[in-house]
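Hi everyone, thanks for coming. I'd like to walk you through one model today, so have a look at the screen and then we'll talk about its contacts.

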Amino acid sequence: MHIARELFIRILAGAAVLWAAASLAFAILQLFPSDPVQVIYGADSSVTPELRDAIRADFGLDQPVLVQYQRFVTRIAQGDLGISYQQRRTVTSIIGSEIGSTLTLASLAVLAAVVMAFLASLLTAGRKSWLRRVLSSFELLSVSTPVLWVGILLLTFFSFQWQLFPVVADGGWRSLVLPVATLAVAVFGSLSQVMREEMDRALEQPFILTARTRGLSEWAIRWRHALGHALIPAITISTETFGGLLAGSIVTEQVFGRPGLGRITLEAITNHDIPVVMGIVLFVAFVFVVLNILADLLYRLVDPRLRVSTR
Amino acid sequence: MTDLAPEVTDSAPRRWGPRAFSGLRRVPFGVALATLVVIFLVLCALFPELIAPKDPYQLSLLHSLRAPSLAFPFGTDQLGRDIFSRVVHGASYSLSIGLGATLIAVTVGLLVGLIAGSAGGAVDLAFMRIIDVLLAFPALFMSMAVVALIGKGSLNVLLAIAIAEIPRYARIVRSQVLVVRQSGYVEAALILGQRRWVTLLRHVLPNTIGPLIVLSTLGIGSAILSSAALSYLGLGPKPPTPEWGLMLAEGQGYLRKAWWIGVFPGIFATLTVVSTTVLGRYLKALSDGRA
Amino acid sequence: MHLLTVEDLSVSFPGSVAVRGLSFSVDAGQCVAIVGESGSGKSVTARTLVGLAGDNATVTARNLRLGDKDLRQLSPSQWRSVRGRHIGFVLQDALVSLDPLKTIGSEIAEALTQHVDLSRKEARQKVLDLLASVGIPDPQERVGQYAHQLSGGLRQRALIASAIAADPALLIADEPTTALDVIVQAQVLSLLRDMKAKGTGLILISHDLAVVASLADHIIVLKDGAVVEAGSPDRIFSDPQAPYTRALLAAIPSATTKGRKLTADTPPSTSSDAPGRREDGIALEARALIKRLGSRLAVDHVTLTLRTGETLGLVGASGSGKTTLARLLLGLQQPDRGEVTLRGQSWSGLSERQRRPLRPRIQLVSQDPLGSFDPRYRVMDIIAEALEIAGAPKSDWRARAAELILSVGLSEAHLYRRPRQLSGGQRQRVAIARALAMEPEILICDEPVSALDVSTQAQVLDLLDDLKKQFGLTVLFISHDLGVVHHVSDRVMVMHAGKIVEEGPVDEIFLNPRAAYTRELLAALPRLPTHRPFATHESRNDRTGRDTLSVSA
């Protein structure tokens, strides 16, 4: 019941963050107004003032600022992110139709990266081996290499030179391999670095020495004791991972010409389709808030010190 | 109380002399290499003509898509431009965006963080909530949103990257200010009867800025990565500017015939980020007393 | 055959030798104590005996056997079957020595199932039995709890239970009571005594001679990795041979050391009883202080009077509210109720701006001097900042700093060092010099020596005593160590759970404690047999035997 109450508080706080993000977005839009007429008809068209007013009224832009704000917040609270200037569809449906592709790409990449990071830190933490040197160089490269270049390299060699994987997305699993690899490399580097650092630290703790004095094998010590401690920061950086993931998918989708959130974001930005941009901004904030709440719950699962004391 | 780490007392006082320079020999090989790469890149940025005399804008359809050779060390692109020359000239864009954006972000972040951390109370709470909200967005995504508002172009990309990085620095500064403010030495100054603003200037500020400078070295790399990505996505400088991300975007259609178009700009970008990151980490290790 | 035989054991690390030429043996039901200060090699020895000296350690020995097993010949996997099964190991501070993410039940079961084939059910029953056998009440409930949910004493018992789970014949305890309060320490020591009585061989590693005194059958004193003295407790305490052992024994503050120097080599204070500006009266007074921290009353109706020129001792276990009280007296925190007055003038009621000009009169010497120095500063800068605030003209700083640094027993060369380059004792001297730069009336010492080794502690205590006389200081001395408090104080206050349970002249309180808590505290104090600190060679023959003082530490 404690958990339920805290969860409720967390959800309220998350809603507050979303409200703040929405208000911020609204305020910024007031500072940098955009004109739907220009987006729809272009700059040099001869739109009659009547039509212009009608379009503006359509989007509610003829109302006083406070009324606009009130409407804006109300419809967002109802899950309505507005209507695209350009496509004349609801932003929700635009995001809904594209999110599946991004989700597939992102979740496969995260899965691959997490598995690799786990293995890497289990194998190399607390040791001075050649493997560790190789892996940490790889991690350095992976956090320092532009994601887009990794994609282009993979495309150049695996698709064009050796023709192992298709160049364009065809819906089959083979067309997913390279994008997933690209994104996984980007996520793996930072995840693995943090996890190993934390595991190194855990391995120097007295409780590891205690475990050793019980006659535990090196592998058992890593698996049973050190790994749990590496999980905590792995959850902590889940938000950063999420950031890297989203940024990474925008680029990856562009490199491999895949549909998805990245493509619509880029289109909306190039076309000044502000309702779509703001819709995506709010959607991203929403996912972030949900992930944070999940991370908080996971923390409790992993670390008993964060649970409500039962003493 | 562990016997394994005997206390270091270092009885000989340090003097400047020949021995002071023996420290140089202990610099790891990787760090020395990174330093050389950074020096080379700075030379590329400042005097590109010296390193690559060919004109990076010179079209020559006769020589289009030539493989790397003595005449064209990195080959030529679809329009026959010398890729080596373009890559070298591109250094100034990446470095100035990396440095400029980081400088702006650090300065603003320092101000915001200092205000929030020193003021405490409602001011701190308000600042930190806003920063939390901003941190919900990945830097690249936020830069894209900013570009959507203020428009494309080199200078706007620099601003967009800077704005996106501000919340990160502000949060670091603020937490460092809190650590320093609760530290034993600030309390010691209070007990001595030191005035508040003197304590702030003498103890809080220097001990906050130190770690920040080190961290900002690491930030240059991520700013360069963002700028390459933004250019690649078509939000940065316009063609035919020799910007690395843009070169990759322009050349992507010719990868089947010419692998080198996609390889060399990326190598330069990666080298730049790897070297600044290696240097930044070394500085961080030095300041933590680990190296 | 001995349980454990060690002959000529040496351990070295690249560039340093940690242990050289150590020999001893342990029999069943016997306790060997290895005593030494930090850097003496005692912990390295303990780790070497379970094969965990580290990858970069070189271990050599003429003989190293456990029963008939030659430990020098063991492969890593053979070592694993020895650790836990034949040799149990207990570290200090179970909060960090037990995995915080595991229940104590699973920690103990892990030690058990590693060596013994048991079903889940059998293992659980055995774990419950073990918890009961180390004196943990309600094993059924405790077995599912985590280290952070247990008190320090229960935690340490659980750690011991995990070490003896597979019933090893030999138990190595490395500072097993260092993190514990006196009363809990006594309980844990008594648990170890029970195990010894049941036939377990015990190697007890400690920095504290008093802790091992009652348990050890054989004591080895280590210094810089070499044995300086070894023998029975009777012999070592009554007739120490090595100068180091004698100095060590003499350095332990207690009732018997009152009024005399703890270190032999420091000349007696030249300016003894030269009154700086002694005047009668009350220097600092606190009335009915209350301070709530979270849901807990950290300071609960404390009334305190600090008379000019006296040393008032404040003794209490960790968490008793001593430090919070010190912070209230220093004006670092404001009391919820009650008032602190300085020379009859308002102090706690002032605004920080009003208090600032008065601050130099009350200075602090804390447990962590390093943390109280700006990491960018050299010693000179640290003292100069104080001199600046004290109003000394800039031209005098260098001379004054030199004077101050000499008065705390350091040399002028130390002014140009960074605190990181100094040893713990030297850092504490710098902190004292900084406090003196303010020419304070009152010095609040909050656990000033608890992070230091016995011999360094003795030097710092002697220094504080000298300075007190030289400058006519009034001192509030806060410590958890009854011996130290007894040594330095004129009057003493005993603090427990935020309240002052007893106060009065130090000898009276320690000889005739009235409050139940004080009695419990004194009863739990590990006793050191009397020793003759500066025994001359003539007197060495007439042995005084082993009469125990009622109060000592």
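**Two contact surfaces**

Let me start inside chain C: the centres of domain 1 of chain C and domain 2 of chain C, taken over C-alpha atoms, are separated by 36 Å. Please keep in mind that this is a predicted model. On the sequence, domain 1 of chain C covers 4-250, and domain 2 of chain C covers 282-524.

So how many residues does each domain bring to the contact? Domain 1 of chain C brings ten, and domain 2 of chain C brings eight. If you look at the domain 1 side, two helices of chain C, α8 (182-197) and α11 (243-251), supply at least two residues each. The biggest giver there is α8(C), with four residues. As for chemistry, that side of domain 1 of chain C has five nonpolar residues, three polar and two charged.

Now let's move over to chains A and B. Here, 36 residues of chain A are in contact with 34 residues of chain B. Which elements of chain A give two or more residues to this side? They are α1 (2-31), α6 (130-144), α7 (147-161), α11 (238-256), α12 (261-270) and α13 (274-302) of chain A. Out of these, α7(A) gives the most, with nine residues.

And for those of you who think in side chains, here is how the chain A side that touches chain B divides: 27 residues are nonpolar, nine are polar, and none are charged.

That's my tour of the two surfaces, and I'm happy to go back to either of them on the screen.

Note on methods
Residues are numbered from 1 along each chain as its sequence is written. Chains are lettered from A and ligands numbered from 1 in the order in which they are written. This is a predicted model: local features need pLDDT of at least 70, side-chain atom pairs count only at pLDDT 80 or more; totals for chains, interfaces and linings use all residues. Two residues are in contact if their C-beta atoms, placed from the backbone, lie within 7 Å. Ala, Val, Leu, Ile, Met, Phe, Trp, Tyr, Cys and Pro count as nonpolar, Asp, Glu, Lys and Arg as charged, and the others, Gly among them, as polar. Domain bounds come from an automatic or database domain assignment.
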